[in-house]
Amino acid sequence: MPLSEHEQRLLEQMERALYAEDPKFASALEGTGLRTYTRRRVYLAGAGFVAGVALLMGGLVAQVIWISVAGFLVMLGCAVLAVTAWRRGPVGPGPRQVAAPRRRAGVMDRMEQRWQRRRDEQSGL
(Lines give C-alpha, C1' and ligand atoms only; values in the text may rest on other atoms or scores of the structure.)
Protein backbone atom coordinates (compact mmCIF):
# COMPACT_ATOMS: atom_id res chain seq x y z
CA MET A 1 0.00 0.00 0.00
CA PRO A 2 1.64 3.27 -1.06
CA LEU A 3 1.88 6.21 1.28
CA SER A 4 -0.49 9.12 0.90
CA GLU A 5 0.84 12.57 0.01
CA HIS A 6 0.52 13.71 3.60
CA GLU A 7 2.42 10.67 4.86
CA GLN A 8 5.13 11.20 2.25
CA ARG A 9 5.53 14.83 3.31
CA LEU A 10 5.76 13.77 6.97
CA LEU A 11 8.38 11.18 6.09
CA GLU A 12 10.42 13.72 4.12
CA GLN A 13 10.26 16.13 7.06
CA MET A 14 11.44 13.40 9.42
CA GLU A 15 14.34 12.56 7.07
CA ARG A 16 15.39 16.22 6.84
CA ALA A 17 15.20 16.54 10.62
CA LEU A 18 17.34 13.42 11.03
CA TYR A 19 19.97 14.78 8.63
CA ALA A 20 19.96 18.13 10.44
CA GLU A 21 20.23 16.62 13.94
CA ASP A 22 22.65 13.77 13.40
CA PRO A 23 24.38 13.64 10.02
CA LYS A 24 26.70 10.79 11.09
CA PHE A 25 23.78 8.54 11.98
CA ALA A 26 21.92 9.49 8.80
CA SER A 27 24.93 8.66 6.65
CA ALA A 28 25.33 5.35 8.49
CA LEU A 29 21.77 4.46 7.55
CA GLU A 30 22.55 5.12 3.89
CA GLY A 31 25.09 2.30 3.79
CA THR A 32 28.36 4.20 3.52
CA GLY A 33 29.74 2.06 6.33
CA LEU A 34 29.10 -1.06 4.28
CA ARG A 35 30.95 0.39 1.31
CA THR A 36 33.92 1.31 3.49
CA TYR A 37 33.98 -2.13 5.09
CA THR A 38 33.80 -3.88 1.71
CA ARG A 39 36.49 -1.68 0.19
CA ARG A 40 38.76 -2.34 3.18
CA ARG A 41 38.26 -6.11 2.82
CA VAL A 42 39.16 -6.00 -0.86
CA TYR A 43 42.29 -3.93 -0.20
CA LEU A 44 43.42 -6.22 2.63
CA ALA A 45 42.81 -9.26 0.46
CA GLY A 46 44.91 -7.67 -2.28
CA ALA A 47 47.74 -7.00 0.19
CA GLY A 48 47.48 -10.57 1.43
CA PHE A 49 47.63 -11.84 -2.13
CA VAL A 50 50.87 -9.90 -2.70
CA ALA A 51 52.25 -11.34 0.55
CA GLY A 52 51.29 -14.83 -0.69
CA VAL A 53 53.18 -14.22 -3.94
CA ALA A 54 56.22 -13.13 -1.91
CA LEU A 55 56.00 -16.32 0.21
CA LEU A 56 55.64 -18.45 -2.91
CA MET A 57 58.67 -16.87 -4.57
CA GLY A 58 60.65 -16.91 -1.34
CA GLY A 59 59.96 -20.60 -0.90
CA LEU A 60 61.02 -21.32 -4.46
CA VAL A 61 64.24 -19.35 -4.08
CA ALA A 62 65.05 -20.96 -0.72
CA GLN A 63 63.95 -24.35 -2.07
CA VAL A 64 61.63 -24.93 0.91
CA ILE A 65 58.47 -26.49 -0.45
CA TRP A 66 56.20 -25.91 2.57
CA ILE A 67 56.78 -22.12 2.41
CA SER A 68 55.79 -22.15 -1.27
CA VAL A 69 52.67 -24.19 -0.48
CA ALA A 70 51.78 -21.80 2.35
CA GLY A 71 52.23 -18.86 -0.01
CA PHE A 72 49.96 -20.47 -2.57
CA LEU A 73 47.30 -21.14 0.08
CA VAL A 74 47.51 -17.52 1.27
CA MET A 75 47.09 -16.34 -2.32
CA LEU A 76 44.12 -18.63 -2.86
CA GLY A 77 42.41 -17.59 0.38
CA CYS A 78 42.91 -13.90 -0.31
CA ALA A 79 41.61 -14.25 -3.85
CA VAL A 80 38.45 -15.97 -2.58
CA LEU A 81 38.00 -13.30 0.10
CA ALA A 82 38.38 -10.48 -2.43
CA VAL A 83 35.94 -12.02 -4.92
CA THR A 84 33.26 -12.72 -2.30
CA ALA A 85 33.62 -9.25 -0.80
CA TRP A 86 33.44 -7.67 -4.25
CA ARG A 87 30.28 -9.57 -5.21
CA ARG A 88 28.45 -9.12 -1.90
CA GLY A 89 28.88 -5.46 -1.20
CA PRO A 90 29.09 -2.19 -3.04
CA VAL A 91 32.65 -0.97 -3.60
CA GLY A 92 32.41 2.10 -5.79
CA PRO A 93 29.88 4.85 -6.32
CA GLY A 94 28.02 2.94 -9.04
CA PRO A 95 26.68 0.00 -6.97
CA ARG A 96 25.74 2.38 -4.14
CA GLN A 97 22.84 3.69 -6.19
CA VAL A 98 21.57 0.16 -6.64
CA ALA A 99 22.10 -0.93 -3.03
CA ALA A 100 20.69 2.11 -1.23
CA PRO A 101 17.04 1.66 -2.36
CA ARG A 102 17.18 -1.99 -1.31
CA ARG A 103 18.09 -1.03 2.26
CA ARG A 104 15.57 1.79 2.40
CA ALA A 105 12.80 -0.49 1.22
CA GLY A 106 13.17 -2.54 4.39
CA VAL A 107 13.16 0.55 6.57
CA MET A 108 10.23 2.00 4.67
CA ASP A 109 8.28 -1.23 5.05
CA ARG A 110 8.85 -1.26 8.80
CA MET A 111 7.90 2.39 9.11
CA GLU A 112 4.76 1.79 7.09
CA GLN A 113 3.84 -1.17 9.31
CA ARG A 114 4.36 0.91 12.44
CA TRP A 115 2.31 3.74 10.98
CA GLN A 116 -0.49 1.34 10.09
CA ARG A 117 -0.39 -0.21 13.58
CA ARG A 118 -0.66 3.21 15.21
CA ARG A 119 -3.46 4.17 12.88
CA ASP A 120 -5.35 0.95 13.72
CA GLU A 121 -4.82 1.48 17.46
CA GLN A 122 -6.11 5.06 17.27
CA SER A 123 -9.16 4.10 15.23
CA GLY A 124 -9.99 1.37 17.76
CA LEU A 125 -10.16 3.87 20.67
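**A salt bridge between helices α1 and α5, and the pocket beside E7**

R119 has a relative accessibility of 40% and therefore counts as partly exposed, the limits of that class being 20% and 50%. The structure described here is a predicted model, and the side chain of R119 meets that of E7 in a salt bridge, with a nitrogen-to-oxygen separation of 3.2 Å. The two residues belong to distant parts of the chain, R119 being placed in helix α5 and E7 in helix α1, 112 residues apart. By the rule applied, the count of salt bridges comes to one. In general terms, side chains of opposite charge can pair when their charged atoms come close.

The acidic partner of this pair is set in other surroundings. E7, which lies in helix α1, has a relative accessible area of 8% and is therefore buried, because the class covers values under 20%. When residues up to four places away in sequence are left out of account, E7 touches W115 and R119; of these, R119 is the salt-bridge partner already named, while W115 appears again, together with E7, in the lining of the second largest pocket.

That pocket has a volume of about 240 Å³, and the elements that give two or more residues to its lining are α1 (5-21) and α5 (93-124). Helix α5 gives the most, with six residues. The lining is made up of L3, E7, L10, L11, M14, M108, M111, E112, R114, W115 and R118, and by residue class it divides into seven nonpolar and four charged residues, with no polar ones. E7 thus takes part both in the lining of the second largest pocket and in the salt bridge with R119.

A separate local feature concerns the backbone at Q63, a residue in the loop between α3 (32-62) and α4 (65-88). Q63 has a positive phi of about 60°, although it is not a glycine. As a general matter, most residues other than glycine have a negative phi. The relative accessibility of Q63 is 69%, so that this residue counts as exposed, the class being reserved for values over 50%. On the same scale of accessibility, E7 counts as buried at 8% and R119 as partly exposed at 40%.

Methods: Residues numbered from 1 in each chain as written. Predicted model: local features only at pLDDT ≥ 70, side-chain atom pairs only at ≥ 80, totals over all residues. Heavy atoms only, no water. Helix = DSSP H or I, 4+ residues; strand = E, 2+ residues; numbered from the N terminus. Buried < 20%, exposed > 50% of the residue type's maximum accessible area, 1.4 Å probe, protein only. 1 Å grid on protein atoms, 1.4 Å probe; cavity = no way out; pocket = protein on both sides within 12 Å on 5 of 7 lines; lining within 4 Å. Points joined across faces, edges and corners; volume = space filled by probe spheres on them. Nonpolar A, V, L, I, M, F, W, Y, C, P; charged D, E, K, R; others polar. Salt bridge = Lys/Arg side-chain N within 4 Å of Asp/Glu carboxyl O. Contact = heavy atoms within 4.5 Å.
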